[in-house]
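Look at the sequence and the model below before reading on. The report goes through the core, the sheet, the helices and a few backbone angles.

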Amino acid sequence: MRLTYEFIERHEQIGPEDLPAISQLLTQLHNRPCEFHRQRLEAMLPGNQFLVARDLETGGKIIGMGFLACYMTPTDKNGRIEDVVVEEAYRGQKIGLRLMEMLLEAARESGLVQVSLTSGPRRAAANGLYQRLGFEKIE
């Protein structure tokens, strides 16, 4: 398997053929039907980081993704990691780890003071990864 990871900076980098794959990943993650539209992509890109993993052996199909939302508070610039997911058939190959490492590096490069995320209890493997990366579980 040959993978590539790319930060999406302009909505033109995601073609219409990519939208169903992103919708499928979001559906897997949230356990409910999710439709991803170009308008949402255009709205979420400015000032944030959207990262996709592509399998080059399948024509560049998107098989993983993650999002870093950056925001200002009265005292700091913070971030929140959202929607990190890898297609079920590709799990267990450290793709999620690489996505998280790249998102955290983007957070450092952006000068974020704090980065948070939430994850459901049913996502045991993801929760273990987040804890290994230094995130603390808050009850």
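## The cores

How many residues does the largest nonpolar core have, and which have the most contacts inside it? It has 23 residues, and those with the most contacts inside it are L68, I81, I95, M100, Y130 and F135. A nonpolar core here is a set of buried Ala, Val, Leu, Ile, Met, Phe, Trp, Tyr and Cys residues joined through side-chain atoms within 4.5 Å. Buried means under 20% relative accessible area, exposed means over 50%, and partly exposed lies in between (1.4 Å probe, protein chains only). The model is predicted: local features need pLDDT of at least 70 and side-chain atom pairs count only at pLDDT 80 or more, while totals for chains, interfaces and linings use all residues. Residues are numbered from 1 along each chain as its sequence is written, and side-chain values use heavy atoms, with hydrogens and water left out.

At least two residues of the largest core come from each of strand 2 (49-55), strand 3 (61-72), strand 4 (77-86), helix 3 (95-109) and helix 4 (124-132). Helices (H or I, at least four residues) and strands (E, at least two) are DSSP runs, numbered from the N terminus. Helix 3 gives the largest share of this core, eight residues. A second, separate core has 20 residues, among them A21, M44, L45 and A69.

## The sheet

Five strands make up an open sheet with the order 1-2-3-4-5 and mixed pairing. Two strands pair if DSSP finds at least two bridges between them. Strand 1 (3-8) and strand 5 are the edge strands, each pairing on one side only. On average, neighbouring strands of the sheet are turned by 20 degrees against each other, direction ignored. For such angles, axes are lines fitted to C-alpha atoms, for helices over the stretch in contact, and angles run from 0 to 180 degrees between N-to-C directions.

Strand 1 and strand 2 run antiparallel and are joined by six bridges; Y5 stands opposite A53 of strand 2. Strand 4 and strand 5 (114-117) are paired in the parallel sense over four bridges, and I81 has L117 of strand 5 as its bridge partner. From strand 4 the chain crosses through helix 3 to strand 5 in a right-handed β-α-β crossover. Right-handed means that, with the strands pointing away from the viewer, the path from the first strand over the helix to the second runs clockwise.

## Helix 3 and its surroundings

Helix 3 lies across strand 1, strand 2, strand 3, strand 4 and strand 5, and runs at about 165 degrees to strand 4. Its 15 residues should span 21 Å at 1.5 Å a residue, and the end C-alpha atoms are 21 Å apart, which agrees. The expected span is 1.5 Å times one less than the number of residues.

Buried in helix 3 are I95, G96, L99, M100, M102, L103, L104, A106 and A107. The cover over these buried residues includes all five numbered strands, from strand 1 to strand 5, and helix 4. Apart from neighbours within four places in sequence, I95 is in contact (heavy atoms within 4.5 Å) with L3, Y5, A53, I63, V86 and Y90.

## Helices 1 and 4

Helix 1 (residues 19-30) has twelve residues and reaches 16 Å from its first C-alpha to its last, close to the expected 16 Å. Its buried residues are L19, A21, I22, S23, L25, L26, Q28 and L29, and they pack against helix 2 (38-44), strand 2, strand 3 and strand 4.

In helix 4 the buried residues include A126, N127, G128, L129 and Y130. The buried residues of helix 4 pack against strand 4, helix 3 and strand 5.

## Positive phi angles and an exposed loop

Most residues other than glycine have a negative phi. D83, in strand 4, has a positive phi near 50 degrees and is partly exposed, with a relative accessible area of 24%. K94, in the loop between strand 4 and helix 3, has a positive phi of about 70 degrees and is exposed at 63% relative accessibility.

Positive phi values also follow helices: N31 just after helix 1, about 60 degrees; G111 just after helix 3, about 75 degrees; and G134 after helix 4, near 105 degrees. P121 sits in the loop between strand 5 and helix 4 and is exposed, with a relative accessible area of 80%.
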